[in-house]
Amino acid sequence: MAKISSLLTLLFIILSSIMINHLHVASSTKWCVAKMNATNAQLQGNINFGCSEGVDCGPIQPGGSCYIPNSLVNHASFVMNAYYQSHGRTKKACSFKNTGTFAVTDPSFGKCVYVS
C-alpha cells in the first residue's frame, strides 16, 4: 500500500509541475495604458514621444489594426504600451509624466494586439 501511495504522490507532483508551468499568471504580465484623466494634449504628447523613440506607430494610422476606435486615449495607450514593452518594462518606462498606469488585463481587441 505504501508503494502505491508513493507512486501516486510522485505522479501528483509531476502533473502539478506540468500544470503550474502552463498556467497564465495575470500578475506577471502587465501592459502600460493611458490614465483616463490624461488630457488630450498629454495623450498627443505621449504619442509623439513614443513614435519619435522608435515605436512602430503604423497600427494607429488610418487603415492600421489599432486605428479604430479613433480616439487619443486608445492610440496613446497602444503607443505607450509598445514603448514600455521595448524599454525594459520598468515603472519609469510607463510613467509618461504620470499619465501612464498599469493594466493586468490584456487591452488587446479584435486585430489590435498589444505586445506583452
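# Briefing: disulfides and core of a predicted protein model

In this protein, residues 24 or more positions apart account for 70% of the contacts with a separation of 6 or more. The structure is a predicted model, and the protein in it has 116 residues, of which buried residues make up 29%. Three disulfides are present, and the points below take up the overall layout, then each disulfide in turn, and finally the nonpolar core.

**Overall layout**

- The protein contains three helices and two strands, and when these elements are read along the sequence they follow the pattern α-β-α-α-β.
- The accessible surface of the protein comes to about 7600 Å², and 62% of that surface belongs to carbon and sulfur atoms.
- When the bonded cysteines are counted along the chain, the disulfides follow the pattern 1-5, 2-3, 4-6, and this pattern is a useful guide to the three pairs described next.

**The disulfide of C32 and C94**

- C32 is joined to C94 by a disulfide with an S to S distance of 2.1 Å, and the link is right-handed, with 90° about the S-S bond.
- Because C32 lies in strand β1 (residues 31-34) while C94 lies in the loop between α3 (72-86) and β2 (100-103), this pair ties together parts of the protein that are 62 residues apart in sequence.
- Both C32 and C94 are buried, and C32 returns below as one of the residues named in the largest nonpolar core.

**The disulfide of C51 and C57**

- A second disulfide joins C51 to C57, with an S to S distance of 1.9 Å, and this link is left-handed, with -105° about the S-S bond.
- Buried here means under 20% relative accessible area, so C57, with a relative accessible area of 10%, is buried, whereas C51, at 30% relative accessibility, counts as partly exposed.

**The disulfide of C66 and C112**

- The sulfur atoms of C66 and C112 are 1.9 Å apart and form a disulfide, which is right-handed, with 100° about the S-S bond.
- C66 lies in the loop between α2 (40-52) and α3, and C112 lies in the segment after β2, so this pair ties together parts that are 46 residues apart in sequence.
- Both ends of this link are buried, since C66 has a relative accessible area of 2% and C112 has a relative accessibility of 1%.

**The largest nonpolar core**

- In soluble globular proteins, nonpolar side chains tend to be buried together.
- The largest nonpolar core of this model has 22 residues, and those that touch the most other members are C32, V55, I60, F78, V79 and M80.
- The elements β1, α2 and α3 each supply at least two residues of this core, and the largest share, seven residues, comes from α3.
- Leaving aside residues up to four places away in sequence, V55 touches G50, V79, A82 and Y83, and V79 is, like V55, among the core residues that touch the most other members.

Definitions and conventions:
Residues are numbered from 1 along each chain as its sequence is written. This is a predicted model: local features need pLDDT of at least 70, side-chain atom pairs count only at pLDDT 80 or more; totals for chains, interfaces and linings use all residues. Side-chain values use heavy atoms; hydrogens and water are left out. A disulfide is a pair of cysteine sulfur atoms within 2.5 Å. Helices (H or I, at least four residues) and strands (E, at least two) are DSSP runs, numbered from the N terminus. Buried means under 20% relative accessible area, exposed over 50%, partly exposed in between (1.4 Å probe, protein chains only). Contact means heavy atoms within 4.5 Å. Accessible areas come from the Shrake-Rupley method with a 1.4 Å probe; for residues, only the protein chains shown count as cover. A nonpolar core is a set of buried Ala, Val, Leu, Ile, Met, Phe, Trp, Tyr and Cys residues joined through side-chain atoms within 4.5 Å.
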